[in-house]
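Please work through the following exercises with the sequence and the coordinates at hand. Each task is followed by a worked solution.

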Amino acid sequence: MTSFIKANDKGANEALAHCESYYTATVNQEIRFPQLQGEQRADVCVIGGGFTGISTALTLAERGYSVALLEQHRIGWGASGRNGGQLIAGYTGRAKLERLHGGAAEKILNDMAYRGHEIIEERIKKYSIDCDLKYGYIDVAFKKRQLRELKESFEKLANSDLAEKYRMVEGQEINEVMGTEAYIGGLINNRNGHLHPLNLCLGEAKAASEIGVSIFENSAVISIEHGEKPWVKTQTGQVIADFVILAGNAYNELEQKKLNKLLFPATTFIIATEPLDEDEVSRINPLDLAVCDMNEIVDYYRLSADKRMLFGGLCNYTGREPLSIKATLLPRMLKLYPELMGKSIEYEWGGKIGMVVSRVPLIGRASKNVFYSVGYCGHGVNVTHMASEIMAEAVAGTFERMDLFERMKHVPMPLGNKLGNYLVALGMMYYRLLDLR
Ligand SMILES: Cc1cc2nc3c(=O)[nH]c(=O)nc-3n(C[C@H](O)[C@H](O)[C@H](O)COP(=O)(O)OP(=O)(O)OC[C@H]3O[C@@H](n4cnc5c(N)ncnc54)[C@H](O)[C@@H]3O)c2cc1C
C-alpha cells in the first residue's frame, strides 16, 4: 500500500517530491532550492520549510536579519502544502490561556486571533502571491447543543469590531446555504476564508529567497549543538547561527529532551472530486464557504478554485492510515451530498498535524537561543503566521507574547509518544461516542 502520510519520506529521489495531491497538481510555480553543502553562517537558522519556518524566515529577513532555512524534503512538503486550505481565526487552547493569564492578557490574546490573516493578506499583496484567497467560512451544527454553542459565540461577537462579518443562519436558510438538510444551523464568518496553501507557502518562500534568505531543500537536520553560537548539522553541511528556530511541527524529531511526550502527531485526510458544474456548485455551496462541522472529530470541506469538492476528515491519533482514504471518506461526503454519487475522486492524500494534550501550541525556548513553535492542534494556516511573528520578536529580545504560551504548564503524555498515541486514540473513541449524542 502506498503511504500518503509517509509518502516521500524515504529515498534520495523521493525526498525531492511533494506528496501527490490536488495542490501539487495545480501548483503555479516550480521552485527548487539547493542542498546545503559545507559551512554557512547566519544570524538565524530556521529548521522546517512549512508555514512556520518560511513565514519566520521571511519576517526576519524583512527586519534585516540574515537567515538560513533547512528543509529535509521540499518547501511545503509537510502539512502546510497538504492542508484543507481553511483560513480560520484563532488558536486552540485560548480559553486555557485566558484562565491562566486573566484579564491583563485579554487584549493581547484577542489581537493574536486574526494576526495571521493580516500577515497573509499583506504578503499576498506585497509579493503578488497567487493563492486563490477567497473569504467566507461557516461552522455548522448537527445538534441543538452545538447550535447553542454557536449562538453563544455569536452573541459574544456582536460587540466586536468585526460584528458585521458574522451571521447566524438557521431553518430553511441553512439548508439553502449548505445544499443539504444535515445541519440545523451555522455561524458564517466572512473574515475567515480559504486558499491554496501550497501556492501560498511557495510564494512566501520565493519572496523570502528574493530578499536574501538562503533556503536549502533535501537538507535534514540531524543535530543541534547548543552554545553561544549553536551549530545545526545535516549530512552534508552545517549552519552556525546566533539563534535557531525549530519549525518541524508534527514531523519534528529534534530537541526531544524538551519536546518528547509533549508533541505528538495525528493524521488527517482529504479527497478531491472532479470539478463540479455550475448548477451543482450553486446547489451545494452557493456562497463558496469553507465549512467545518461542530463534531469533536471534525469533517471539513470547501470548493477549490476550479470547483472540486475538497472533503477532509478522519483525524486519527494512532498515526495509522485507512486502507483506502477514498473508501473511508467518500461515504461521509455522500451522506451530506448524495448528488455527488458517481463523481470521480481524482486525488486523495493525508498529512500529519502536531497535537498537544492541553491544545495550547508549544511556543517557547529549548535554550536561550534555540526557540520552537509547534503543536497547533489542527489549525495552522492563520496561527503559524502569527507564531512566526512571535519567533521574530524573540530573536529581537522581546518575549512578551512567547511568555504567554511558555508559562502554560504542559502535561507530558504518559507512556511516551508511541504508546501515548494509543492512549489518546482511546480518548478519541470517547469523543466519537460524544458525537453520537
Ligand atoms: C490534511 C491536513 C488538513 C489540514 N487542514 C487545515 C486547514 O484547513 N486549516 C488550517 O488552519 N490548518 C489545517 N491543517 C493544519 C496545518 O496545515 C498545520 O498546522 C500547519 O501547516 C503547520 O505548519 P508548520 O510549518 O508548523 O509544519 P509543516 O507544514 O508540517 O512543516 C514542517 C516542515 O519541517 C520539516 N522538518 C521536520 N523536521 C526536520 C528536520 N530535522 N530537518 C529539516 N526539516 C525538517 C518537514 O519536512 C516539514 O516540511 C491541516 C493539516 C493537515 C495535515
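The exercises below concern a predicted model.

**Exercise 1. The ligand shell**

Determine which residues come nearest to the ligand, and which element gives the most residues to the shell around it.

Solution. Step one is to list the shell: 45 residues surround the ligand, and Gly50, Gly78, Gly84, Gly248 and Gly380 come nearest. Step two is to assign elements: helix H2 (51-62), strand S11 (264-273), strand S15 (345-355) and helix H12 (381-395) each give two or more residues to the shell. With 4 residues, S15 gives the most. Step three is to sort the shell by residue class, which yields 17 nonpolar, 25 polar and 3 charged residues.

**Exercise 2. The largest nonpolar core**

Identify the residues that touch the most other members of the largest nonpolar core, and list the contacts of cysteine 45.

Solution. The largest nonpolar core holds 120 residues, of which Val44, Cys45, Ile47 and Val67 touch the most other members. Among the elements, H12 gives the most to this core, with 9 residues. In soluble globular proteins, nonpolar side chains tend to be buried together. For cysteine 45, residues up to four places away in sequence are left out; the contacts are then Ala68, Leu70, Val232, Val239, Ala241 and Val244.

**Exercise 3. Positive phi outside glycine**

Locate asparagine 218 and lysine 261, and decide for each whether the residue is buried or partly exposed.

Solution. Asparagine 218 is not a glycine, yet has a positive phi of about 55 degrees. Its place is the loop between strand S7 (214-216) and strand S8 (223-225). Asparagine 218 is buried because 20 other C-beta atoms lie within 10 Å, and the cut-off for a buried residue is 20 or more.

Lysine 261, also not a glycine, has a positive phi of about 70 degrees. This residue lies in the loop between helix H9 (256-259) and S11. Lysine 261 counts as partly exposed because it has 16 C-beta neighbours inside 10 Å.

**Exercise 4. The partners of strand S6**

Establish how many bridges join S6 to S3, to S4 and to S5.

Solution. Begin with the strand itself: S6 (residues 185-194) is mostly covered, as 8 of its 10 residues are buried. Strand S3 (residues 86-87) pairs with S6 in the antiparallel sense over 2 bridges, and leucine 87 has glycine 193 as its bridge partner. Strand S4 (residues 134-141) is also antiparallel to S6, over 7 bridges; here tyrosine 135 is the residue bridged to glycine 193. Finally, strand S5 (residues 166-170) runs antiparallel to S6 and is joined by 5 bridges, with arginine 167 opposite isoleucine 188.

Technical notes: Residues are numbered from 1 along each chain as its sequence is written. This is a predicted model: local features need pLDDT of at least 70, side-chain atom pairs count only at pLDDT 80 or more; totals for chains, interfaces and linings use all residues. A residue is near a molecule or strand if its C-beta atom, placed from the backbone, lies within 6 Å of it. Ala, Val, Leu, Ile, Met, Phe, Trp, Tyr, Cys and Pro count as nonpolar, Asp, Glu, Lys and Arg as charged, and the others, Gly among them, as polar. A nonpolar core is a set of buried Ala, Val, Leu, Ile, Met, Phe, Trp, Tyr and Cys residues joined through C-beta atoms within 7 Å. A residue is buried if 20 or more other C-beta atoms lie within 10 Å of its own, exposed if 12 or fewer, and partly exposed in between; C-beta atoms are placed from the backbone. Two residues are in contact if their C-beta atoms, placed from the backbone, lie within 7 Å. Two strands pair if DSSP finds at least two bridges between them.
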